[in-house]
Amino acid sequence: MARLTDIGWNEFHALPLEAKRPYLERVEGGGMPYHTLFAQQFDRPILERLCALANRIRFINKSKEGALYLKSVLAHKRAMLYFSQPSSRTFLSHLAACQILGVTTGSVRDAATSSEFKGESHEDSIRTFSSYFDMIIMRSPEQGLAEKMSWELSNSSRPIPILNAGSGKDQHPTQALLDIYTLFRSFENKGGIDGKTVVFCGDLMRGRTVRSLSYLLTNFKDVRQVFVAPQELRVPDDVIAVLEEKGVDFKVSDDLQAAVRTADAVYMTRIQDEWDESKGASAKIDTSRFKFGAEELKLLPADGIIMHPLPRRDEIATCCDHDPRAMYWRQMRNGMWIRAALIASTFGFEKSIMECGY
Amino acid sequence: MARLTDIGWNEFHALPLEAKRPYLERVEGGGMPYHTLFAQQFDRPILERLCALANRIRFINKSKEGALYLKSVLAHKRAMLYFSQPSSRTFLSHLAACQILGVTTGSVRDAATSSEFKGESHEDSIRTFSSYFDMIIMRSPEQGLAEKMSWELSNSSRPIPILNAGSGKDQHPTQALLDIYTLFRSFENKGGIDGKTVVFCGDLMRGRTVRSLSYLLTNFKDVRQVFVAPQELRVPDDVIAVLEEKGVDFKVSDDLQAAVRTADAVYMTRIQDEWDESKGASAKIDTSRFKFGAEELKLLPADGIIMHPLPRRDEIATCCDHDPRAMYWRQMRNGMWIRAALIASTFGFEKSIMECGY
Amino acid sequence: MARLTDIGWNEFHALPLEAKRPYLERVEGGGMPYHTLFAQQFDRPILERLCALANRIRFINKSKEGALYLKSVLAHKRAMLYFSQPSSRTFLSHLAACQILGVTTGSVRDAATSSEFKGESHEDSIRTFSSYFDMIIMRSPEQGLAEKMSWELSNSSRPIPILNAGSGKDQHPTQALLDIYTLFRSFENKGGIDGKTVVFCGDLMRGRTVRSLSYLLTNFKDVRQVFVAPQELRVPDDVIAVLEEKGVDFKVSDDLQAAVRTADAVYMTRIQDEWDESKGASAKIDTSRFKFGAEELKLLPADGIIMHPLPRRDEIATCCDHDPRAMYWRQMRNGMWIRAALIASTFGFEKSIMECGY
């Protein structure tokens, strides 16, 4: 690993993602992140360690004794949830992850907060928060702010870790983690993720989840990726380029039903019309053939699963909700477990949890 | 008891309140609620058990050792306070109740939250929250939502209890509980609630508290109810119909002072002009004779008490605030204790608290 | 000491600050505050006890065992943070102070909250909160409200302490405390605060921090005070009058660089244009000579420190941020420690923390 104290901001910022990674690792963490900024920090060994730790935490938490043990692990730590871009879902998931480990929390959840700070820079706000807490979990519309703060805090007299809970269109690394963990759990006794077929469907052009998950899946062997979208929302070229470079077997299609028949996992996504360049542009796209309903449910193999990052609109019919293959609610809960694993590991408690007697 | 997993939503929803009750009980809870949705779930034995448990919690909490014991009871549980209709008072009371029992909490308190969810249905939001928490305490302007969610969650792979903290004009069951608990405490060494005279005064037409308390009082023997209101805001016919059916001794009046002379409890209420059909309609009503002031204080018997669900405007003069018969502040605090009792019992800890050594 | 139950509100309110002080002390607290309302409650012995306690808490908190001990000290207490005037910085600092001591918290942080209370008076709101909590930490735009509530609660059946976290233009006593604690720590091994030179620079006319700190410094021996400001924003006459009365050595100047050369501490402040009587008035003032930059950094003695209450705009150049003499980030963190000391002492735990084995 390298150290953020050994490199200037401009030099660090200019590095490609792969080269930034070692600067963000924990000392003596064997590659585990200290600052968690982007999905590219996770390779296969790290993903497998985090999934194993999440499994362990989930299991320990089942008994009252276990739950109380977990609450003692980080009872001496306090985390700040700084959500200048509100998101109740992501907020609550991180909050719950903290609570499971006994981390006390404070929060700023208000979009208007910045204006409250009387002309203060974001950097100053975050350095102030760092005065009071031992970790900052931040979500911001400002691309790159989490990265900047990681460098700033590591070079201050009070270095504390940053966990990026979403930065602009940019990165949302823990979302990618929870998707991987959901696949990991679903196929745990079915040969693992290797060799499976994952079908992405919906708005594949915008949104960070498809991009990140597609990338992380390249860490596994022989995973086939199928991209099903309307022409106007098809998967971007740079995603395809990565797959081609890595020699991944993939397919671009507009036939959801055909894809579902061969799927181990179908990853549905919402039309992200909040990014429309002209208002109402998405509404003109015919998305009727990119929805998962009763018909698709019949076509899905018995061991197949349905995922969705939520919130959904009508991409998945509610008649699927009680089907055992509908994994999207459990996917939410998996987010809590994998985030707890990440936070525990950030503070160096991976080993003690894995080896505890519960 | 019956089970929500044995009945479809439409069938359940169409049942009369009385018939719904068994579906909402805790397994092996002896009639205690699992989901708490409406005041009609509480009959006399349940009310007495909850009041006894609230008394016990209040007593245990007096010492530091006792307070720490209580904080351990539900230290392995986490509750979501989902207040899409904001109410700091009700929010804080439920929060405090959770804190007394060691329940960790997360919250959404913002009226604008729904819009944030990018077109997601309330049902989906609440199922998401259920992923992260062990109980949902919810307040919503949407009538019936708490009932719907109870059925949904009980039929999901993650059944957790719902506590209704107010749904529209509909129901606010824990408010009724705290009113009963206040009467229970006030008359604990004075023969109990049986045989007492309760005077309701103010806006008896609107608001849920008078309606619910009047109903719950029918569980007790020989309680006389007197309704004092301006003609325009008099007690609704359906409330009267219930009293007539149950053979309750009641009176409708417009003479507060006469009523106060015979009262064991005077329950004052605010003019709820937020429900006015035309703006300012309430302001035209002469309410001057429906206020409790220095004069009424003199007329109130020595053992009589003054209640108010708060917030108040000028229905009770502040000169009454330091009188020992003014029970409205203690009534607030009683809300915290009885809610703690309800939450403890929901999770099956009634017996262990009643029998603990503190 | 005197008791708030022995004096009427009007009589108490009319007293000069010095005469109010004994009414606000803790019984058997040796002069320590029960209600904390204004900076004039702190004389030198109290300041020194609080600084010593803050040091102790800071030290104990370094180990996990110590942190867990501190979290047990007030684990049986719950505090309400009632911020009807929002301030994330002050809010989080008090929150963190509570968390360090294990105090459970609830909060109202919304400026719009009052309107929510359907016409309820502030006094009623705060009495309601007092029902649920063991302490109220309040910030309000309403001058004198904290004082009123102290009297009200002390005269109620549920007396609990009030901590004023800022009331209008009026008082912000814990800000003054953290400034003193920062000087205390910085000069702990350099002869203490006595005999030092403190330079105030910026908008000395408005804002509470300069006023309060200047006053508290008169508790120490031979502290020289230098006031550097544009003519339009110079230190008010009443502050000067106090210094003259107490025989303090002070100077009014407009030459920052000259002052910095002789400074032990330079206290920079922001132009508080939110108080401008006509919009944009401050923008017309030439403030260019009242900023701390690279040049001033060179002139500052090796043992000198730079302070700022934050938020800053451009009064201190960011190139100073990594200089070891820049004390403004640590000053934030000191706020957390001294507030923890104040809260612990309010509940009577000064002695047990000072004498514990950690």
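Copies here are superposed by least squares on the C-alpha atoms of residues with pLDDT of at least 70 in both. Keep in mind that this is a predicted model.

**How the chains relate**

With that in hand, take chains A and B: a turn of 120 degrees and a shift of 0.0 Å along the axis lays chain A on chain B, with an RMSD of 0.0 Å. Chain C goes onto chain B in a like way, by a rotation of 120 degrees with 0.0 Å of shift along its axis, and the RMSD is 0.0 Å. That is the relation of a three-fold axis.

**Where the chains touch**

Here are the contact counts for two chain pairs and one domain pair.

| Pair | One side | Other side |
|---|---|---|
| Chain C and chain B | 18 residues of chain C | 20 residues of chain B |
| Chain A and chain B | 20 residues of chain A | 19 residues of chain B |
| Domain 1 and domain 2 of chain A | 19 residues of domain 1 | 18 residues of domain 2 |

Start with chain C against chain B. On the chain C side, the elements giving two or more residues are strand 2 (104–108), helix 6 (113–116) and helix 7 (122–132) of chain C. Helix 7 of chain C puts in the largest share, six residues. Sorted by class, this side of chain C has five nonpolar, seven polar and six charged residues.

Now chain A against chain B. On the chain A side, two or more residues each come from helix 4 (64–73), helix 5 (88–100) and helix 14 of chain A. The largest share, seven residues, belongs to helix 5 of chain A. By class, you get 11 nonpolar, three polar and six charged residues on this side of chain A.

**Two domains in chain A**

Chain A splits into domain 1 (4–173 + 334–343) and domain 2 (175–331). Their C-alpha centres lie 26 Å apart. Which elements give two or more residues to the side of domain 1 of chain A that touches domain 2 of chain A? They are helix 3 and helix 14 (328–346) of chain A. The residues on that side of domain 1 break down into 10 nonpolar, five polar and four charged.

Helix 14 of chain A therefore turns up twice, here at the domain contact and also on the side of chain A that touches chain B, with helix elements taken as DSSP runs.

**A closer look at Leu47(A)**

Helix 3 of chain A is also where you'll find Leu47(A). Is Leu47(A) buried or exposed? Leu47(A) counts as buried because it has 20 C-beta neighbours inside 10 Å, and the cut-off for buried is 20 or more. Leaving aside residues up to four places away in sequence, Leu47(A) touches Phe42(A), Ile180(A), Leu216(A) and Asn219(A). If you want a long-range distance to check, the C-alpha atoms of Leu47(A) and Asp321(A) are separated by 28 Å, with their positions 274 residues apart along the chain.

**Helix 10 of chain A**

One of those contacts, Leu216(A), is among the buried residues of helix 10 of chain A. That helix (residues 208–217) is mostly covered, with nine of its 10 residues buried. The buried set also includes Arg208(A), Arg211(A), Val210(A) and Leu213(A). What covers the buried residues includes helix 3 (44–60), helix 9 (173–186), strand 5 (197–201), strand 6 (224–228), helix 11 (237–245) and strand 8 (265–268) of chain A.

**The parallel sheet**

In chain C, four strands make an open sheet in the order 2-1-3-4, with parallel pairing. Strand 2 and strand 4 (162–167) of chain C sit at the edges with a single partner strand each, so one side of each has no neighbour in the sheet. From one strand to the next, the twist averages 15 degrees.

Strand 3 (residues 135–140) and strand 4 of chain C pair in the parallel sense over four bridges. Ser140(C) has Ser167(C), in strand 4 of chain C, as its bridge partner. Helix 7 of chain C packs on this sheet and touches strand 1 (78–83), strand 2 and strand 3 of chain C. The direction of helix 7 makes about 155 degrees with that of strand 1 of chain C.

Over in chain A, four bridges join strand 3 (residues 135–140) to strand 4, and the two run parallel. Ile137(A) stands opposite Leu163(A) in strand 4 of chain A. Strand 4 (residues 162–167) of chain A is mostly covered: six of its six residues are buried.

Methods: Residues are numbered from 1 along each chain as its sequence is written. Chains are lettered from A and ligands numbered from 1 in the order in which they are written. This is a predicted model: local features need pLDDT of at least 70, side-chain atom pairs count only at pLDDT 80 or more; totals for chains, interfaces and linings use all residues. Two residues are in contact if their C-beta atoms, placed from the backbone, lie within 7 Å. Ala, Val, Leu, Ile, Met, Phe, Trp, Tyr, Cys and Pro count as nonpolar, Asp, Glu, Lys and Arg as charged, and the others, Gly among them, as polar. A residue is buried if 20 or more other C-beta atoms lie within 10 Å of its own, exposed if 12 or fewer, and partly exposed in between; C-beta atoms are placed from the backbone. Two strands pair if DSSP finds at least two bridges between them. Axes are lines fitted to C-alpha atoms, for helices over the stretch in contact, and angles run from 0 to 180 degrees between N-to-C directions. Domain bounds come from an automatic or database domain assignment.
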